[in-house]
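Let's take a friendly walk through this two-chain model. Have the structure open beside you and follow along.

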Amino acid sequence: MKAMNRQRRARLAATVLLLVGAAATVALTLAALNENVNAFHPPASIVGGEAPVNTSIRAGGMVAEGSVRRDATGLAVSFVVTDHQGADYPVRYHGILPDLFREGQGVLVTGELTAAGVFEAREVLARHDENYMPPELADMAAHQGAAPR
Amino acid sequence: MGPLRTYFHKLGSPRWFFDLARPWGIGFAVVGVSLLVVGWVWGLGFAPEDYQQGNSFRIIYVHVPSAHLAQALYVAMGVAGVTALVWRVKLADMFIAVVAPVGLAMAGMALATGAIWGRPTWGAWWVWDARTTSMLVLFFLFVGLVALRQAIPSERQAGRAAAVLAIVGTVNVPIIKYSVEWWLTLHQPASFSLSSAPAMPPSMWVPLVVNVIGLYSFAGALIVAGLRNEILHRERDAQWVRERLAAGAVRP
C-alpha cells in the first residue's frame with residue numbers, strides 16, 4: 001500500500017481501536033462469567049459437591065451402560081450418568097424420554113440434586129455427537145468390534 | 001495498471017460495478033439455483049439416513065449451509081464496514097445495506113431449522129447454551145443493522161452507524177464458532193474442520209458441500225442484484241443513470 005494519507009491512517013487507527021475495544025470488552029465479560037456460560041454441570045462437579053443442592057440446575061454426562069431401570073407399570077425411570085472418568089451420579093426421572101436417549105449416549109438433565117446425591121430430573125434432553133453414519137455402516141462397524149460412537 | 005487491477009478498481013466504483021457485476025449476478029443465480037435443486041433432492045431423497053437420528057438428520061442440508069452463510073456474511077459486512085469507514089468507499093456502505101437482510105434471513109433459517117432439528121433429537125425446541133445463544137445474538141445483530149438504517153434518516157449517518165455495528169458485531173462470530181469448544185453446550189461440536197476428515201462418510205457430506213456452495217452462490221446472486229438496485233437508487237440523480245433511464249437501457 002502506498003503512502004496512506006494522514007486522515008485515512010487516523011480513521012484506520014480509530015477503527016482498529018474500536019474492534020480491539022469491543023473484543024476486549026466481550027472477552028473480559030465472558031472471562032468474568034466463566035463457568036456460568038456452561039450449559040450444564042459435568043459429572044465431576046455434581047459428585048465433587050461444587051453443584052448447589054436443592055436448586056434447579058442442569059447436569060450432563062453419558063448414560064452408563066446397563067444402568068437404565070424402567071418402571072414396569074409407569075413412566076418412572078432411573079439411570080446413572082457418568083463421565084467415564086470415575087465420576088457418576090444416579091438420576092431419577094418420571095416422563096417420556098427423547099428418542100435419542102439410550103445407554104452410552106450423552107444426556108442433559110434439568111432438575112434438583114438432593115442432599116443424598118440423587119439427581120431428581122424434571123427434564124431429560126439427549127445430546128448427540130458430531131458423527132453421522134448410515135445404518136449399514138454403523139452395523140459394519142459394530143460387527144468389526146469398533147462400536148460406532 | 002494491469003488489466004486485472006483496472007478491473008478491480010472499476011468494481012469499486014458504483015457506476016462501473018453496475019455493468020461489470022451483471023454477468024456475475026447471472027452466473028451466481030444459475031450456479032446457485034442448480035446446485036440447490038441438486039443438493040436438496042440429493043440430500044433429502046438420496047443421501048443415507050443417520051444410524052441414530054434416522055431421517056431427521058436430513059435437515060442438516062438446510063441447517064448447516066444457512067448457519068455457515070449467516071456467519072460468513074457477517075464477517076464480510078465487518079470487512080465492508082472497515083472499508084466504508086476508513087476509505088469511504090460508497091460501494092462498501094451499500095454492501096452492508098444489501099447484505100444485512102440476506103444475513104438476517106440466513107440466521108433466521110439457521111435458528112428455525114435448528115429448533116426443528118432439536119425437537120426430535122434433543123427433545124427440546126430451544127435450549128440456552130453458548131452456541132444457540134451466540135447464534136441468537138447474531139440474529140439480533142442483523143435485526144439491528146436493518147433497523148438502524150430505517151431509524152436514521154440521513155444516509156451518511158446511517159451508513160457510519162451501520163459500519164460501526166458491523167465491525168463491532170464481528171467479535172461474536174468467533175464466539176459462535178468456538179462456543180462448542182470453550183464451554184459445555186448441548187449443541188455438538190463441528191463435523192467439519194480444516195485439519196481432519198469430515199465426521200461422516202462422503203455419501204453424506206458431498207451433498208452437504210453441494211448445498212453449501214449452492215446457498216453461497218444464491219446469496220451472491222441476491223447481493224449482486226441488491227447492489228445494482230441500491231446503486232440505481234442512490235445515484236438516481238446522476239447523469240449516467242438519467243441518461244440510461246431516458247434511453248430505456250437499464251437492464252435488470
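Which residue stands opposite Ser56(A) in β5(A)? The residue facing Ser56(A) there is Glu112(A). A word before going on: this is a predicted model.

## The sheet of chain A

The pair just named belongs to two strands, β1 (residues 56-63) and β5 (residues 106-113) of chain A, which run antiparallel and are joined over seven bridges. On to the next partner: β5(A) also pairs with β6(A), again in the antiparallel sense, here over eight bridges. In this second pairing Gly111(A) has Ala121(A) of β6(A) opposite it.

The hairpin of β5(A) and β6(A) leaves five residues between the strands, and in it Gly117(A) adopts a positive phi near 90°. As background for anyone browsing side chains, those of a regular strand alternate between the two faces of the sheet.

## Chain A as a whole

Chain A holds three helices and six strands. Starting at the N terminus, their order is α-α-β-β-β-β-β-β-α. The domain assignment lists domain 1 (6-36) and domain 2 (39-127) for chain A. Taken over C-alpha atoms, the centres of domain 1 and domain 2 of chain A are 40 Å apart.

The overall dimensions are worth a look too. Chain A has a radius of gyration of 23 Å, whereas a compact globule of 149 residues would have one near 15 Å. Along the principal axes, the C-alpha atoms of chain A occupy a box of roughly 80 × 45 × 30 Å. Buried residues are 22% of the 149 in chain A. Of the contacts in chain A with a separation of 6 or more, 45% come from residues 24 or more positions apart.

## Chain B, built from helices

Chain B has nine helices and zero strands, so its pattern along the sequence reads α-α-α-α-α-α-α-α-α. Its radius of gyration is 20 Å, which agrees with the value near 18 Å for a compact globule of 252 residues. The C-alpha trace of chain B spans about 65 × 35 × 35 Å along its principal axes. Of the 252 residues in chain B, 40% are buried. Among contacts in chain B between residues at least 6 apart in sequence, 75% join residues at least 24 apart.

Two places in chain B deserve a closer look. Trp24(B) sits in helix α2 (residues 14-46) of chain B. Is Trp24(B) buried or partly exposed? Trp24(B) counts as partly exposed because it has 15 C-beta neighbours inside 10 Å, while 20 or more would be needed for a residue to be buried. Trp24(B) and Val224(B) are 200 residues apart in sequence, yet their C-alpha atoms are 7.5 Å apart in space.

The other place is helix α9 (residues 239-247) of chain B. Zero of the nine residues of α9(B) are buried, so this helix lies largely in the open. Gly248(B), just after α9(B), takes a positive phi of about 65°.

## Where the chains meet

How many residues does each chain bring to the contact? Chain A gives 34 residues and chain B gives 36 residues. On the side of chain A that touches chain B, the elements with two or more residues are α1 (6-33), β6 (119-127) and α3 (135-143) of chain A. The largest share of that side, nine residues, belongs to α1(A). By residue type, the side of chain A that touches chain B has 23 nonpolar, five polar and six charged residues.

Technical notes. Residues numbered from 1 in each chain as written. Chains lettered and ligands numbered in written order. Predicted model: local features only at pLDDT ≥ 70, side-chain atom pairs only at ≥ 80, totals over all residues. Contact = placed C-beta atoms within 7 Å. Helix = DSSP H or I, 4+ residues; strand = E, 2+ residues; numbered from the N terminus. Nonpolar A, V, L, I, M, F, W, Y, C, P; charged D, E, K, R; others polar. Buried ≥ 20, exposed ≤ 12 C-beta atoms within 10 Å, placed from the backbone. Domains from an automatic or database assignment. Pairing = 2+ DSSP bridges. Rg over C-alpha atoms; globule rule 2.2 N^0.38 Å.
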